[in-house]
Amino acid sequence: MKKVAFLLLICLASSLTLVSCKSTYLDAKKSPILLDITKETNDNAFVNLKNYSNDFVFDMKYATSDNFLKEKVYPCGECFLRVKTVKSLLEANKAFLAKGFKIKLYDCYRPIAIQKKMWQIVPNPTYVANPKKGSIHNKGGAVDITLVDSLGIELNMGTSFDFFGEEASHNYGKLSEEILANRKFLKEIMLQHNFKSFDSEWWHYNLNNSSADKVSNQKWRCED
């Protein structure tokens, strides 16, 4: 009984901070066939983007040490998002594909437990969202992205992913015409497909109205 009461207290505390208390794990195993996102009726459910399209490139930085933390914090490189986020992202990628490009993903949904781990490594809100509040990544409504051409070569965006200087801002104009055009191209298409940009980070996009969703701590089991 003491154990049950303890778990209930954890769930109650989680609900007060808008954190999901679900104990189920997200399945990272890829479906043998592509699934149809339009048949998903629960827009708030978490799904694996890889099951709905083969037209994305994945470079999940936090599943490696190639990131500003210099540590691997994800168990494996999966891209889970809420169904509604995937629906909009698929449409945006279709628009890029029609012009000879595709989206490359650096980060997707991030469980709040991993947000806490990142905060322990770098407890600075300039670089990591404070887990007491959480971020849109913790809600399944944010993606960190760039674009690649038909050869898989990244477009020149002026800085690397997770570069936190002023040069990464959409409002920074002291860049070449090519870089400014690439950022504008990325931003315009994303804004046309239900996303909004994050001014200080050219790679970060949030689904419109996703800030109203709950922070989640659903984790995923990695495929063997």
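Buried, as used here, means under 20% relative accessible area. Ser88 has a relative accessible area of 11%, so Ser88 counts as buried. That value, like everything else below, comes from a predicted model.

Let's stay with Ser88 for a moment. This serine lies in helix H2, which covers residues 83-97. If you skip the neighbours within four places in sequence, Ser88 is in contact with His193, Asn194, Phe195 and Leu207. Phe195 falls in strand S7 (residues 195-198), and Leu207 falls in strand S8 (residues 201-207). Those two strands come back further down.

**The overall layout**

The protein has four helices and nine strands. Reading along the sequence, you get the pattern α-β-β-β-β-α-β-α-β-α-β-β-β. Of the 224 residues, 46% count as buried. Take the contacts with a separation of 6 or more: 71% of them are between residues 24 or more positions apart.

**The sheet**

Five of the strands make an open sheet in the order S3-S5-S6-S8-S7, and the pairing is mixed. At the edges sit S3 (57-58) and S7, each of which pairs on one side only. Here is how the neighbours pair up, going across the sheet:

| Strand pair | Sense | Bridges |
|---|---|---|
| S3 and S5 | parallel | two |
| S5 and S6 | antiparallel | five |
| S6 and S8 | antiparallel | three |
| S8 and S7 | antiparallel | four |

If you want to find the register in your viewer, pick one residue pair per junction. Between S3 and S5 (residues 102-107), Val57 stands opposite Lys104. Moving on to S6, Leu105 has Ile145 as its bridge partner. From S6 to S8, Val143 is partnered with Tyr205. At the last junction, Phe198 has Glu201 of S8 as its bridge partner. S7 and S8 form a hairpin there, with two residues between them.

How many residues of S6 are buried? Seven of its seven are, so to speak, under cover. Both faces of this strand are covered. One side carries Ala142, Asp144, Thr146 and Val148, while the other carries Val143, Ile145 and Leu147, and all of these are buried. Note that Asp144 and Thr146 are on that list too.

**The largest pocket**

The largest pocket holds about 620 Å³ of space. Its lining comes to 29 residues, and those nearest the centre are Ala129, Ser135, Phe198, Glu201 and His204. Two elements, H3 and S8, give two or more residues to that lining. S8 gives the most, with four residues. By type, the lining splits into 12 nonpolar, 10 polar and seven charged residues.

Phe198 and Glu201 have turned up before: the pair bridged between S7 and S8 is also among the residues nearest the pocket centre.

Ser135, another of the residues nearest the centre, is worth a closer look. It is found in the loop between helix H3 (112-121) and strand S6 (142-148). Is Ser135 buried or exposed? Ser135 counts as buried because its relative accessibility is 14%, and the cut-off for buried is under 20%. The side chain of Ser135 reaches the backbone nitrogen of His137 at 3.2 Å. Leaving out neighbours within four places in sequence, Ser135 is in contact with Arg110, Gln115 and Ala129. Of these, Ala129 is also one of the residues nearest the centre of the pocket, and Gln115 falls within H3.

**A loop residue elsewhere**

For a contrast in accessibility, turn to Asn42. This residue lies in the loop between strand S1 (26-27) and strand S2 (46-48). Asn42 counts as partly exposed because its relative accessibility is 43%, and that class runs between 20% and 50%. A polar atom of the Asn42 side chain lies 3.1 Å from the backbone nitrogen of Asn44. Asn42 and Val83 are 41 residues apart in sequence, yet their C-alpha atoms are 7.0 Å apart in space. Val83 belongs to H2 (residues 83-97), the helix that also holds Ser88.

Conventions. Residues are numbered from 1 along each chain as its sequence is written. This is a predicted model: local features need pLDDT of at least 70, side-chain atom pairs count only at pLDDT 80 or more; totals for chains, interfaces and linings use all residues. Side-chain values use heavy atoms; hydrogens and water are left out. Two strands pair if DSSP finds at least two bridges between them. Buried means under 20% relative accessible area, exposed over 50%, partly exposed in between (1.4 Å probe, protein chains only). A polar contact is a pair of N or O atoms within 3.5 Å; within protein, one must be able to donate a hydrogen and the other to accept it, and residues adjacent in sequence count only if both atoms are side-chain atoms. Contact means heavy atoms within 4.5 Å. On a 1 Å grid over the protein atoms alone, a cavity is a set of points where a 1.4 Å probe fits but cannot get out, and a pocket is an open set with protein on both sides within 12 Å along at least five of seven lines; lining residues have an atom within 4 Å of a point. Grid points are joined across faces, edges and corners, and a volume is the space filled by probe spheres set on the points. Ala, Val, Leu, Ile, Met, Phe, Trp, Tyr, Cys and Pro count as nonpolar, Asp, Glu, Lys and Arg as charged, and the others, Gly among them, as polar.
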